[in-house]
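Subject: The structure, and what was found in it

Hello,

Here is the structure to go with your sequence. Please open it first, then read the notes below.

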Amino acid sequence: LSISNGKIIKSTISSSDKTGNLKLLGDGIVNGDVGDSVNSLNSVIVGANGTTSTFSGDIYAKDTNIVGNGTVNLNQDLVGTNLTFSANGIVNSIGDITSNVNGTTANSGTLNMNGANQLVTGDIGNTNSLQNFNVTNGTTTLDRNLTATNTNINNNSTLALNNSTVNSAIKTDGTGNLSLSGINDITGDVR
């Protein structure tokens, strides 16, 4: 299903055989859930150069591909296998992410964690590193590993690591917090 520029989708989208694909060709808003735990999609393709896409519901898709330098706003949870940046796109997330997050090449993409209390249960940058991983609000907990060129924790925000390996410099912006639980390994400067 390809959606042209500037459209608003006001219904749920699902794929009973898990082979369906959703592609936003330009700016777009999807107000309903995309897939569910039984009827997930094969792929969601968004983030073309210069576009903004907003998903107000959950996304259940094997692959979510950010194909350009566009901005994708995730207002609920993302559940899948891979969230992939093909260029320097931006994902603003306020829900949980149950997926690996990678670039197709090293130093690709920016993931902003903007929610009050978020959990990421997949590896970030395990295949190719992200350019930026930013905790801009609240507390984000990582249960897996992180590789990024830059990791930033904004004022009054917390990055909580739970048995994680981090291959990144971590910058706390004044009153940003880094919380460690279990055995963690950080191979960059923390400042």
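Contact here means heavy atoms within 4.5 Å. Keep that cut-off in mind for the neighbour lists below. Also remember that this is a predicted model.

**The sheet**

Start with the strands. An open sheet of 10 strands runs in the order β2-β4-β6-β8-β10-β12-β14-β16-β18-β20. The pairing in this sheet is parallel. β2 (7–9) and β20 (185–186) stand at the edges. Each has a single partner strand, so one side of each is left without a neighbour in the sheet. What holds such strands together? Strands of a sheet pair through backbone hydrogen bonds, either parallel or antiparallel.

Now look at some of the pairs. β6 (residues 52–55) and β8 (residues 71–74) pair in the parallel sense over four bridges. Here S53 has V72 in β8 as its bridge partner. Further along, β12 and β14 are joined in the parallel sense over five bridges. β14 and β16 also pair in the parallel sense, over five bridges. N134 stands opposite N152 in β16.

Why is β14 largely enclosed by the rest of the structure? Five of its six residues are buried, so the surroundings cover most of the strand.

**S108**

S108 is in strand β12. Opposite S108 stands L130 in β14. Is S108 buried or exposed? Its relative accessibility is 3%, so S108 counts as buried; the cut-off for buried is under 20%. The S108 side chain reaches the backbone oxygen of T105 at 2.8 Å. Beyond four places in sequence, S108 is in contact with F85, A87, N88, G103, S129, L130 and Q131. So L130 appears twice for S108: as the residue opposite, and in the contact list.

**The nonpolar core**

How many residues does the largest nonpolar core have? It has 37 residues. Those with the most contacts inside the core are L22, V44, F55, L111, I124 and F133. Take F133 and list its neighbours beyond four places in sequence. F133 touches L111, M113, I124, T140, L142, L146, A148, N150, T151, N152 and L159. Two of these, L111 and I124, are also among the core residues with the most contacts.

**D63 and its partners**

Next, find D63 in strand β7 (residues 59–66). D63 is buried, because its relative accessible area is 15%. Its side chain has polar company. One polar contact, of 3.0 Å, goes to the side chain of N82. Another, of 3.1 Å, joins D63 to the side chain of K62. Setting aside residues up to four places away in sequence, D63 touches N42, S43, V44 and N82. V44 is also one of the core residues with the most contacts.

**Salt bridges**

How many salt bridges are there? The count comes to two. One is between the side chains of D63 and K62, at 3.1 Å from N to O. K62 counts as partly exposed, because its relative accessibility is 41%. So this bridge joins a buried residue to a partly exposed one.

The other is between the side chains of D123 and R144, again at 3.1 Å from N to O. D123 lies in the loop between β13 (117–120) and β14 (130–135), and R144 in the loop between β15 (139–142) and β16, so the pair ties together parts that are 21 residues apart in sequence. D123 is buried, because its relative accessibility is 9%. R144 has a relative accessible area of 38%, so R144 is partly exposed.

**Two loop residues to look at**

Two asparagines have a positive phi. N107 has a positive phi of about 65°, although it is not a glycine. N107 sits in the loop between β11 (97–103) and β12 (108–113). N107 is partly exposed, because its relative accessibility is 32%.

N156 has a positive phi near 60°, and N156 is not a glycine either. N156 sits in the loop between β16 (146–153) and β17 (158–162). Is N156 buried or exposed? N156 has a relative accessible area of 63%, so N156 is exposed.

Best wishes

Terms used: Residues are numbered from 1 along each chain as its sequence is written. This is a predicted model: local features need pLDDT of at least 70, side-chain atom pairs count only at pLDDT 80 or more; totals for chains, interfaces and linings use all residues. Side-chain values use heavy atoms; hydrogens and water are left out. A polar contact is a pair of N or O atoms within 3.5 Å; within protein, one must be able to donate a hydrogen and the other to accept it, and residues adjacent in sequence count only if both atoms are side-chain atoms. A nonpolar core is a set of buried Ala, Val, Leu, Ile, Met, Phe, Trp, Tyr and Cys residues joined through side-chain atoms within 4.5 Å. Buried means under 20% relative accessible area, exposed over 50%, partly exposed in between (1.4 Å probe, protein chains only). A salt bridge is a side-chain nitrogen of Lys or Arg within 4 Å of a carboxyl oxygen of Asp or Glu. Two strands pair if DSSP finds at least two bridges between them.
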